[in-house]
Amino acid sequence: MISLEDVTVAFDGFTAISNVDLRVEQGEFVTIVGPSGCGKTTLLRTIGGLEEPTSGRVRIDGRSPEAAQTNADIGFVFQQHTLFPWKSALENVTFLRKTAGNAPEADAARALLRSMGLEGFEDARPKELSGGMKQRVSIARALHLDADVLLMDEPFGELDEITRDELGVEIRDLWRRERKTVVFVTHSVPEAVFLADRCLVMCGQPGRIEATFDVDLPEPREEDVFGTRSFQEQVAQVRQTLHENYA
Ligand SMILES: Nc1ncnc2c1ncn2[C@@H]1O[C@H](COP(=O)(O)OP(=O)(O)OP(=O)(O)O)[C@@H](O)[C@H]1O
């Protein structure tokens with residue numbers, strides 16, 4: 001479980017987010033949308049211990065983010081993949097787990113790559129893979145860490161829309177099987193609704209959580225959800241809140 005109590009983060013006197021309270025339950029999938037600059041990345045980085053709150057408190061299963069990180073309990077996926085160019089897809093997946101002090105399991109890593117549609121590409125270097133494939137490797141790497149908490153910052157940001165939709169379906173499906181606690185930042189409202197149990201709308205400067213939407217969609221969530229009236233209505237609600245609060 002992730003908890004933030006009255007968290008404010010300032011950089012050299014500039015307040016990026018202020019007085020944020022948030023609780024993400026074990027196994028919950030939470031998405032965050034909001035206009036550029038409202039502090040989504042700052043919030044995510046603060047949860048992961050990459051930024052320190054100026055005031056307030058962050059806890060991950062009762063521990064500080066730093067302690068959780070040391071224990072390899074947090075997996076990150078960023079917008080730009082951070083794969084080692086000289087390592088193969090398989091080595092990239094196993095390497096992080098190795099540096100975290102856990103024995104890498106090649107069979108499990110291969111199975112993860114397979115589940116991400118990368119069978120046959122285990123030995124490929126990142127430069128031989130498309131943008132979508134590289135992000136799949138990054139996601140497989142985060143999953144192979146077997147961290148309870150996954151923090152994802154616009155992981156599909158650089159991908160075309162069809163690939164985004166496909167990866168969204170895959171991520172939700174993986175989540176259904178693995179039940180990780182996920183916090184996922186995106187600029188795409190449909191993506192935020194499709195993926196989430198709960199969608200948070202951030203806005204303002206300094207940023208704050210303006211609204212929370214409990215998403216109600218059938219499982220398993222597949223592409224046909226996009227065409228349903230229920231999905232479109234929930235997307236419209238989130239959009240309206242974003243527009244109402246756009247300064
Ligand atoms: N390390 C830093 N030093 C100074 N200012 C920062 C730093 N990191 C973020 N900021 C500022 O904090 C504000 C929030 O930035 P942040 O990247 O969290 O927003 P965001 O909502 O993720 O934006 P985007 O959607 O464009 O990625 C911005 O005004 C940004 O310039």
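The domain assignment splits the protein chain into domain 1 (2–73 + 148–244) and domain 2 (84–146), with bounds that come from an automatic or database domain assignment. Residues are numbered from 1 along each chain as its sequence is written. This is a predicted model, so to speak with its own ground rules: local features need pLDDT of at least 70, side-chain atom pairs count only at pLDDT 80 or more, and totals for chains, interfaces and linings use all residues.

Taken over C-alpha atoms, the centres of domain 1 and domain 2 sit 24 Å apart. Domain 1 puts 10 residues into the contact and domain 2 puts in 11, where contact asks for C-beta atoms, placed from the backbone, within 7 Å. On the domain 1 side, helix α6 (residues 161–178) chips in the most, with four residues. Helices here are DSSP runs (H or I, at least four residues) and strands likewise (E, at least two), numbered from the N terminus. That side of domain 1 breaks down into seven nonpolar, one polar and two charged residues; Ala, Val, Leu, Ile, Met, Phe, Trp, Tyr, Cys and Pro count as nonpolar, Asp, Glu, Lys and Arg as charged, and the others, Gly among them, as polar.

Next comes the sheet. Six strands line up as β5-β6-β7-β3-β8-β9 in an open sheet with mixed pairing, a pair needing at least two bridges found by DSSP. β5 (74–77) and β9 (208–214) are the edge strands, each with a single partner, so one side of each has no neighbour in the sheet. On average, neighbouring strands are turned by 20 degrees against each other, direction ignored. β5 runs parallel to β6 (residues 149–153), joined by four bridges; Ile 74 has Val 149 as its bridge partner in β6. Helix α1 packs on this sheet, touching β3 (29–33), β6, β7 and β8 (198–203), at about 155 degrees to β7. Helix α8 (residues 229–244) lies across β3, β8 and β9, at about 165 degrees to β9. Axes are lines fitted to C-alpha atoms, for helices over the stretch in contact, with angles from 0 to 180 degrees between N-to-C directions.

As for the ligand, its surroundings include Phe 11, Gly 37, Lys 40 and Thr 41, a residue being near if its C-beta atom, placed from the backbone, lies within 6 Å. β2 (14–24) and α1 (40–47) are the elements giving two or more residues to this shell, and α1 gives the most, with three. By class, the shell has four nonpolar, six polar and one charged residues.

Note on methods. Two residues are in contact if their C-beta atoms, placed from the backbone, lie within 7 Å.
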